[in-house]
Amino acid sequence: MSYIAQTLADTTTNFTGKGFGAIGYGLAAIGPGIGVGIVAGKAIEGIARQPELAGQIRTTMFLGIALSEALALIGIVVGFIF
């Protein structure tokens, strides 16, 4: 085997992929970030349209934000596992 082929073989077998977990989590956090923005924006619209339902809308908004943020937490846990 030539020197170049041996060097390439050594490089590919020693590749660990460190740092790609952070990139993957950054991409995974885009979705929940957009979701939280949409939930908060729609809640503000709903409260502006019907101020008397502000308490119920706020409660539902916090539930939606919590569920959306759970996806981000799952993404970071999966990043640590793999």
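This briefing describes the helices, surface and selected residues of one chain.

The model is predicted, and its chain holds 4 helices and 0 strands, so that the elements run α-α-α-α from the N terminus on. Of the 82 residues of the chain, 11% count as buried. The chain exposes about 6400 Å², and carbon and sulfur atoms supply 72% of that area.

**Packing of α3 and α4**

- Helices α3 and α4 pack at an angle of about 175°, and their axes lie 9 Å apart.
- Because an angle over 145 degrees counts as roughly antiparallel, α3 and α4 are described as roughly antiparallel to each other.
- On the α3 side, the contact is made by Pro-32, Gly-35, Val-36, Val-39, Ala-40, Ala-43, Gly-46 and Ile-47.
- On the α4 side, the contributing residues are Ala-54, Ile-57, Met-61, Gly-64, Ile-65, Ser-68, Glu-69, Leu-71 and Ala-72.
- Gly-33 has its place in helix α3, and its C-alpha atom is separated by 8.0 Å from that of Ser-68, although the two residues are 35 residues apart along the chain.
- Ser-68 is also one of the α4 residues that make the contact with α3.
- Gly-33 counts as partly exposed, because its relative accessibility is 42%, a value that lies between the 20% limit for buried residues and the 50% limit for exposed ones.

**Nonpolar surface patch**

- A nonpolar patch of about 620 Å² on the surface is made by Phe-20, Ile-23, Leu-27, Ile-30, Ile-34 and Ile-38.
- Both α2, which spans residues 20–28, and α3, which spans residues 30–49, supply at least two residues each to this nonpolar patch.
- Phe-20, one of the patch residues, lies in helix α2.
- Ile-23, another member of the patch, is likewise found in helix α2, and with a relative accessibility of 49% it counts as partly exposed.

**Residue pairs linking distant parts of the sequence**

- Val-77 lies in helix α4, which covers residues 54–81, and is partly exposed, with a relative accessible area of 45%.
- The C-alpha atoms of Val-77 and Tyr-25 are separated by 9.3 Å, while the two residues stand 52 residues apart along the chain.
- Gly-24 is found in helix α2, and its relative accessible area of 34% makes this glycine partly exposed.
- From C-alpha to C-alpha, Gly-24 and Ile-76 are 9.0 Å apart in space, with their positions 52 residues apart in sequence.
- For Ile-23, the partner is Gly-79, which is 56 residues away along the chain, and the C-alpha atoms of these two residues are separated by 9.6 Å.

**The salt bridge**

- A search of the whole structure finds 1 salt bridge, which Lys-42 forms with Glu-45, their closest N and O atoms being 3.8 Å apart.
- The N to O distance of 3.8 Å falls inside the limit of 4 Å that is used for a salt bridge.
- Lys-42 and Glu-45 both lie in helix α3, where they are 3 residues apart, or about one turn of the helix.
- Lys-42 counts as exposed because its relative accessibility is 53%, whereas Glu-45, at 41% relative accessibility, counts as partly exposed.

Methods:
Residues are numbered from 1 along each chain as its sequence is written. This is a predicted model: local features need pLDDT of at least 70, side-chain atom pairs count only at pLDDT 80 or more; totals for chains, interfaces and linings use all residues. Side-chain values use heavy atoms; hydrogens and water are left out. Buried means under 20% relative accessible area, exposed over 50%, partly exposed in between (1.4 Å probe, protein chains only). Patches are made of residues with over 30% relative accessible area and no salt bridge: like charges are joined within 9 Å, nonpolar side chains (Val, Leu, Ile, Met, Phe, Trp, Tyr) within 5 Å. Accessible areas come from the Shrake-Rupley method with a 1.4 Å probe; for residues, only the protein chains shown count as cover. A salt bridge is a side-chain nitrogen of Lys or Arg within 4 Å of a carboxyl oxygen of Asp or Glu. Axes are lines fitted to C-alpha atoms, for helices over the stretch in contact, and angles run from 0 to 180 degrees between N-to-C directions. Angles under 35 degrees count as roughly parallel, over 145 as roughly antiparallel, 65 to 115 as roughly perpendicular and the rest as oblique. Contact means heavy atoms within 4.5 Å.
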